[in-house]
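I sat down with this model to see how its helices pack and where its cores lie. Here are my notes, in the order I looked things up.

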Amino acid sequence: PIMFQLGGVLLGLATIQWVRGWKEEQKKAALETLRWILTGLVVLGILQAFSLDQFNAYGHERHDVVGGTLGNPTLFSGLLALGVPLSLTWNHRFSLLLSSALCLFILINSSITAVLAMVVGLAWVAWVLPQKRWFAMAVFALCFLGAIALWLRPNTMTYFNPFGRFAAWSEWLDTWAGTLPIIGLGLGAAFNLGSSVAPDHVLRNWTHAHNEYLNLAFELGVP
């Protein structure tokens with residue numbers, strides 16, 4: 001696990017050094033391409049959220065969150081939340097539309113991590129780029145109204161605690177702390193645990209902790 005983590009860090013550093021060597025025109029072209037890719041993913045996510053696409057969420061079962069062929073909805077929305085600064089800094093007439101649609105997409109998924117990442121992205125743009133401050137605040141206001149709408153739903157607590165994750169996370173933490181918290185149990189340990197516990201155990205059939213930080217610590221350790 002440690003070598004796997006070290007390899008990921010080295011790959012990230014090598015990528016940063018490689019991009020630093022690009023010319024400004026290359027960087028701008030890459031950012032423009034990333035923004036259009038982000039736009040396509042957000043459109044697909046919105047279509048899936050309202051069951052307007054041709055894909056099923058998981059096999060033949062459809063859920064009330066975005067999934068589709070793109071996999072776990074929490075992972076998908078969490079990854080796209082990293083694109084909030086990218087959408088806000090786009091000097092294009094679709095920038096406000098993309099940013100609002102992206103934040104709406106994040107809010108309609110049961111991912112607290114994605115919502116926090118969205119808020120951090122909005123705050124970062126408002127703090128670092130004064131010329132975009134009012135724009136970021138406008139998008140934040142739209143998100144705030146969306147959050148109020150979510151809060152008024154009858155199943156608000158389900159949004160914050162879908163599928164009883166709080167109880168499951170407590171079990172994950174207890175198991176992780178009692179084993180090898182520094183180096184982890186290795187890749188696939190979470191899946192194996194959910195398959196091997198008793199049928200009435202709270203972690204039965206849980207193949208992932210549904211919390212990236214906790215799952216990484218469980219399988220690969222604290223570092």
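**Helix 9 and helix 11**

I started with this pair: helix 9 and helix 11 are roughly parallel to each other, a label that takes angles under 35 degrees (over 145 is roughly antiparallel, 65 to 115 roughly perpendicular, the rest oblique). Before going on, I noted that this is a predicted model, where local features need pLDDT of at least 70 and side-chain atom pairs count only at pLDDT 80 or more, while totals for chains, interfaces and linings use all residues. Numbering starts from 1 along each chain as its sequence is written, and side-chain values use heavy atoms, with hydrogens and water left out.

I then read off the geometry: helix 9 (residues 165-177) and helix 11 (residues 212-220) pack at about 25°, and their axes are 10 Å apart. Axes here are lines fitted to C-alpha atoms over the stretch in contact, and angles run from 0 to 180 degrees between N-to-C directions. Helices are DSSP runs (H or I, at least four residues), numbered from the N terminus.

Which residues meet? From helix 9, Trp169, Trp172, Leu173, Thr175 and Trp176 meet Leu214, Ala217 and Phe218 of helix 11; contact means heavy atoms within 4.5 Å. I sorted the residues of this contact into seven nonpolar, one polar and no charged. For that sorting, Ala, Val, Leu, Ile, Met, Phe, Trp, Tyr, Cys and Pro count as nonpolar, Asp, Glu, Lys and Arg as charged, and the others, Gly among them, as polar.

I also listed the buried residues of helix 11: Leu214, Asn215, Ala217, Phe218, Glu219 and Leu220. Buried is under 20% relative accessible area, exposed over 50% and partly exposed in between, with a 1.4 Å probe and protein chains only. Just after helix 11 comes Gly221, with a positive phi near 90°.

**The cores**

Next I checked the largest nonpolar core, which has 24 residues, with Ile106 and Met118 making the most contacts inside it. Such a core is a set of buried Ala, Val, Leu, Ile, Met, Phe, Trp, Tyr and Cys residues joined through side-chain atoms within 4.5 Å. Helix 5 gives the most to this core, seven residues. A second, separate core of 14 residues includes Ala168, Trp172, Ala190 and Leu193.

**Thr39 and the whole chain**

I found Thr39 in helix 2 (residues 24-49), and it counts as buried at 17% relative accessibility.

Last, I tallied the chain: it has eleven helices and zero strands, and 34% of its 223 residues are buried.

Notes
Helices (H or I, at least four residues) and strands (E, at least two) are DSSP runs, numbered from the N terminus.
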